[in-house]
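Work through the exercises below with the coordinates open. Each task is followed by a solution in steps.

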2 protein chains.
Amino acid sequence: MTSIRETKKRRTRAAIMQAAVKLFSEKGFEKTSIEELAREAGIGKGTVYSYFQTKSDILHAFCEDELVCLHQELTANADKEIPLLRQMVNIYMSEFKMITENREFGRLFMQQTAFPRDADLEKHLENEDQYFRVLFPLLEKAQERGELRRDLELLHITGHFYGLYLLLVSAWFTGRVPTEEAEIALETLFRQALEGLQPPPAAGISTT
Amino acid sequence: MTSIRETKKRRTRAAIMQAAVKLFSEKGFEKTSIEELAREAGIGKGTVYSYFQTKSDILHAFCEDELVCLHQELTANADKEIPLLRQMVNIYMSEFKMITENREFGRLFMQQTAFPRDADLEKHLENEDQYFRVLFPLLEKAQERGELRRDLELLHITGHFYGLYLLLVSAWFTGRVPTEEAEIALETLFRQALEGLQPPPAAGISTT
DNA sequence: GGGAAAAATCGACTGCGGTCAACTTTTATC
DNA sequence: GATAAAAGTTGACCGCAGTCGATTTTTCCC
């Protein structure tokens, strides 16, 4: 039942997204006005707001579409038996690449993702759940392989990796970690998280 | 040499901050207009902008003042020889309390702190450095006591704690961690980071 | 203390995000 | 196909963040 209405709606939404990507890329998010965007998309200003609640929602919708693609790719490919460390680095680095492709996009997206407005909470939680559906199976397998402690909740474990990912992105925005070093930095951090920050308990006795 | 000018400037700045705290608390950040704030402070609208570059800078300045106080307190008190885990939980929990006192304040502050605008980078880096000056001595002491591996850079170690703190705050905003459980959650995460996520290498052989 | 340069104050103005009531298009019903 | 209800579109309009040139206050120098 593809009614005229449905078809038009999809077309209009697509037109908005297309105009948004074009203009945001060309002149940046802040410098693009909704009125201009509407003109580019061939519709009225008000119409934009019947598809998206705020200007940054448009950006956000775009990023989320990208993320969904990315997750599908990842679930399709990444089930392999490579070490958890590599898997995690791969997953988060593909996200990192997406985020850092456009600095302004990325900042707004991360700000909203890490500390979302209350109005966006529901959508946000859905997204997170989708995330967990990607990660949990990988973590379970790793637990089976003995790469992860079994006495920890999966939610906590994802938390550790996600926290370090947030840190990396934050450090990238502040310039502490340049793009080229991001992967090494992330891998180091993840490895340290796996090994633990305190000295191994049973091993050789320290010389002091 | 406290010229009239200096005195007035300090007084005006204080008046703005005072008006901001009052109005933001009463009616929230978004609902308070700069014009109103200026009226409350007894000055013209334009003057506000010769003290702060943007509206949220006012908020941010307030939070930073609070943070400086907090850090001074912490450096004064916290050098004691209690376990690193407790020290870290204390430090980050006092920050957490400040952030979560006012939801809207906290969100904006965290968004700007974790993913700052390029214009704010310099100020941001100064702040971070001040942070390190508080944390590094504590970490060094912990290394001396054998609570922390010595083969890790202090910067990385602070990163681990800070990353988990970001995670906690993010989880609080999404409602996954209620205020009452925050401290336990943070302590758990920090302990896990110290112990490591992978099973201890030398200990008993698994039953499988 | 006079007078000019520098700093600070001000509010009218601009531009944009977001709203809304009037209007047009689509659907459902007979 | 006529018609009424529902859904979708629109641009004039509103409120506010941020700008800027005109004006006032402070400092500095003689």
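The exercises that follow concern a predicted model.

**Exercise 1. Describe the fold of chain A.**

Task: State how many helices and strands chain A has, and give its box, its buried share and its contact separation.

Solution.
- Step 1. Chain A contains 9 helices and 0 strands, and its pattern along the sequence is α-α-α-α-α-α-α-α-α.
- Step 2. Along the principal axes, the C-alpha atoms of chain A fill a box of roughly 75 × 45 × 30 Å.
- Step 3. Of the 208 residues in chain A, 47% are buried.
- Step 4. Take the contacts in chain A with a separation of 6 or more: 66% of these come from residues 24 or more positions apart.

**Exercise 2. Relate the two chains.**

Task: Find which rotation and shift superpose chain A on chain B, and which residue of chain A comes closest to the axis.

Solution.
- Step 1. Two copies of a chain are related by a rotation about an axis and a shift along it.
- Step 2. Here the rotation is 180° and the shift along the axis is 0.0 Å, with an RMSD of 0.1 Å.
- Step 3. The copies are therefore related as by a two-fold rotation axis.
- Step 4. The residue of chain A closest to that axis is A:G196, whose C-alpha lies at 1.6 Å.
- Step 5. Both copies use the same surface, since 100% of the contact residues of chain A recur in chain B.

**Exercise 3. Place one residue of chain B.**

Task: Locate B:T174, decide whether B:T174 is buried or exposed, and list what B:T174 touches.

Solution.
- Step 1. B:T174 sits in the loop between helix 8 (154-173) and helix 9 (182-195) of chain B.
- Step 2. The relative accessibility of B:T174 is 4%, so B:T174 counts as buried; the cut-off for buried is under 20%.
- Step 3. Leaving out residues up to four places away in sequence, B:T174 touches A:P116, A:L121, A:H124, A:L125 and A:E128.

**Exercise 4. Analyse the packing on helix 4 of chain B.**

Task: Classify the angles that helix 4 of chain B makes with helix 1 and helix 6 of chain B, and give the residues in contact.

Solution.
- Step 1. Helix 1 (residues 4-27) of chain B packs on helix 4 of chain B at about 100°, with the axes 10 Å apart. The two are therefore roughly perpendicular.
- Step 2. Helix 1 of chain B contributes B:R13, B:I16, B:M17, B:A20, B:V21 and B:F24, and helix 4 of chain B contributes B:I58, B:L59, B:A61, B:F62 and B:D65. By class this contact has 9 nonpolar, no polar and 2 charged residues.
- Step 3. The axes of helix 4 (residues 55-77) and helix 6 (residues 103-114) of chain B come within 10 Å and cross at roughly 85°. This pair is therefore roughly perpendicular too.
- Step 4. From helix 4 of chain B, B:L59, B:H60, B:F62, B:C63, B:E64 and B:L67 meet B:F105, B:L108, B:F109, B:Q112 and B:T113 of helix 6 of chain B. The residues of this contact divide into 7 nonpolar, 3 polar and 1 charged.

**Exercise 5. Account for the disulfide count.**

Task: Explain why the structure holds the number of disulfides that it does.

Solution.
- Step 1. The count over all chains is 0 disulfides.
- Step 2. For A:C63, the closest cysteine sulfur is in A:C69 at 12 Å, which is too far for a bond. A:C63 is buried, with a relative accessible area of 4%.
- Step 3. For B:C69, the closest cysteine sulfur is in B:C63, also 12 Å away and too far for a bond. B:C69 is partly exposed, at 45% relative accessibility.

Key: Residues numbered from 1 in each chain as written. Chains lettered and ligands numbered in written order. Predicted model: local features only at pLDDT ≥ 70, side-chain atom pairs only at ≥ 80, totals over all residues. Heavy atoms only, no water. Disulfide = S-S within 2.5 Å. Buried < 20%, exposed > 50% of the residue type's maximum accessible area, 1.4 Å probe, protein only. Axes fitted to C-alpha atoms, helices over the stretch in contact; angles between N-to-C directions. Helix = DSSP H or I, 4+ residues; strand = E, 2+ residues; numbered from the N terminus. Parallel < 35°, antiparallel > 145°, perpendicular 65-115°, else oblique. Contact = heavy atoms within 4.5 Å. Nonpolar A, V, L, I, M, F, W, Y, C, P; charged D, E, K, R; others polar. Least-squares fit on C-alpha atoms with pLDDT ≥ 70 in both.
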